[in-house]
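Let's take a walk through a protein model together. Keep the 3D view open while you read, and turn it as you go.

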Amino acid sequence: MNGCSPKSPLLAVENLRIAFRLEGRLSVPVRGVSFAIPENARVALVGESGCGKSLTALALGGLVDRAEITGRLVGSPRLAYVFQNPMQSLNPVLRVGRQIAEGLHPPLRGAALDARLDALLASVDLPAGTARKYPCELSGGQQQRVMIAMALAQEPDLLIADEPTTALDVTTQRDVLDLIARIADARKMSVLFITHNLGLVARYAAFVHVMYAGEIVERGPVPDVLVHPRHPYTQGLLAAVPRLDAPKDAPLADIPGTVPPPWAWPSGCAFHPRCPQARPDCATSSEPCAAARRSNGKRP
C-alpha cells in the first residue's frame, strides 16, 4: 500500500470494500480502497459526489449500517467528525452547551462543566455565554464552530472533516478552515478532509487521494498532484476549477457525464466512458488507468 510517510501511520486503511444488497442487487460503492494517514498530518480525499469518499470516511468510525464490509484498519486513533451541515447535525431544542457536554468522558457537572465548556468554545473563537444558546440563535459559521468544539471534547487524534464548509459563505468558509488548521497544528492532530474543492486541498492539505467510482485513482503530495496530474480524471477536475485570469466570456470546463451508480461500475478503468483520452484497452485493462500509463509510463 502506498503511504504518506516513511513513519508508521496513525491510521492505515487496507483494501476497504463496502457492499450493500438492495432489492436483490449488489451495490459496491467502495471497492479496494487503501490509504494511510500519518501522525500530525492533513490528508484530503477528493472526488465528485457519488464516488464513495464520505462512505469511506464513515466506515473508519464504524458508522455504516447494514453493509458487507471487508478490509482492515491498522491503528486505533480516537476519531471525531465534523459534518457538512451543522444546522442538520445540531439538535434544535437543546442548548449547545448540553450537546457539547455529551461528548465529555468522564462526564462533568457544575462549575467544572461550565469551565470546560467555556474553554472548548473559546478554543473555537466563540464568546462566553455561547453554551447557553440554542442553535437557532447562532449563525451558520458559529454553528460549525460549535460542531468543532463538540469534536474536540473527545480529544481526538484524528479529525474527519466531511465537507465542513458546504453551507457557509466564502468568507466564513476560510475562517472555519483556518480554525481547523490552527487547532490541528496546536494539538498535533491529524485531519482527513473529505471534499471536492481543490482550492481547499491546495491550501490546507499536504497529501491528496483522488477517488472515482469507489476507487483511488491517483495519490501523492499535493504539489505533485495539482501541478502534474497523471490521471485524466484528476486533470478534468483541475481543468474545471474557475480561473480568475480567464477571459470573461470563456466557457467553464466540465467533465462530461456523471459518476455511474455503484451497482453498474464500468469494466476496466471506470472512468473510460467519460474520458477524452480513452482507447479500447481502457475498457478491458486491469490497470487503474491505461491513459495515464501511456502518458508517462507510471501507474497513479
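## Starting at a helix end

Right after helix α1, you'll find G62 with a positive phi of about 70°. Keep in mind that this is a predicted model. Helix α1 itself covers residues 53-60 and is mostly covered, with six of its eight residues buried. Those buried residues are K53, L55, T56, A57, A59 and L60.

## The three-stranded sheet

What does α1 pack on? First, here is the sheet in question: an open one made of three strands, in the order β2-β1-β4, with antiparallel pairing. Strands β2 and β4 (68-74) each have a single partner strand, so one side of each is left without a neighbour in the sheet. On average, neighbouring strands here are turned by 10° against each other, direction ignored. And α1 packs on this sheet, touching β1, β2 and β4, with its direction at about 110° to that of β1.

Now zoom in on the strand pairs. Strand β1 (residues 11-22) and strand β2 (residues 25-37) run antiparallel and are joined by nine bridges. If you want a landmark, look for L11, which stands opposite I37 in β2. These two strands make a hairpin with two residues between them, and there E23 takes a positive phi near 55°. On to the pairing with β4: β1 and β4 are antiparallel too, over six bridges. Here A19 stands opposite E68 in β4.

## The six-stranded sheet

There is also an open sheet of six strands, ordered β5-β6-β7-β3-β8-β9, and its pairing is mixed. Its edge strands are β5 (79-82) and β9 (215-221), each pairing on one side only. Neighbouring strands in this sheet are turned by 20° against each other on average, direction ignored.

For a parallel pair, look at β3 (residues 42-46) and β8 (residues 207-212), which are linked over four bridges. In that pair, V43 stands opposite F207 in β8.

Two helices that pack on this sheet are set out below.

| Helix | Strands touched | Angle between directions |
|---|---|---|
| α5 (residues 140-152) | β5 and β6 (158-162) | about 175° with β5 |
| α6 (residues 170-187) | β3, β6 and β7 (190-195) | about 155° with β7 |

## Two loop residues

Next, try finding D157, which sits in the loop between α5 and β6. Is D157 buried, partly exposed or exposed? It counts as partly exposed, because its relative accessibility is 25%. Leaving out residues up to four places away in sequence, D157 touches L10, P77, R78, M189 and S190. With R78 there is a polar link as well: the side chain of D157 reaches the backbone nitrogen of R78 at 2.8 Å. For a sense of scale, the C-alpha atoms of D157 and D114 are separated by 24 Å, and the two residues are 43 residues apart along the chain.

Compare that with T165, in the loop between β6 and α6. T165 counts as buried because its relative accessibility is 8%, and the cut-off for buried is under 20%. Not counting residues up to four places away in sequence, T165 touches Q173, V176 and L177.

## The nonpolar cores

In soluble globular proteins, nonpolar side chains tend to be buried together. How does that look here? The largest nonpolar core has 58 residues, and the ones with the most contacts inside it are I100, I148 and F193. Take I100: leaving aside neighbours within four places in sequence, I100 is in contact with L117, L120, L121, V146, A149, M150 and A153. Apart from this core lies another one of 26 residues, among them F35, L55, A57 and I216. You've already met L55 and A57 as buried residues of α1.

## Stepping back

Now zoom out to see the whole thing. The protein's secondary structure comes to ten helices and nine strands. Its C-alpha atoms fill a box of roughly 70 × 50 × 45 Å, taken along the principal axes. Its radius of gyration is 21 Å, which agrees with the value near 19 Å for a compact globule with 300 residues. Buried residues make up 47% of the 300 residues. Finally, among contacts between residues at least 6 apart in sequence, 66% join residues at least 24 apart.

Conventions. Residues numbered from 1 in each chain as written. Predicted model: local features only at pLDDT ≥ 70, side-chain atom pairs only at ≥ 80, totals over all residues. Heavy atoms only, no water. Pairing = 2+ DSSP bridges. Axes fitted to C-alpha atoms, helices over the stretch in contact; angles between N-to-C directions. Contact = heavy atoms within 4.5 Å. Buried < 20%, exposed > 50% of the residue type's maximum accessible area, 1.4 Å probe, protein only. Polar contact = N/O pair within 3.5 Å; in protein donor to acceptor, adjacent residues only side chain to side chain. Core = buried A, V, L, I, M, F, W, Y, C linked by side-chain atoms within 4.5 Å. Rg over C-alpha atoms; globule rule 2.2 N^0.38 Å.
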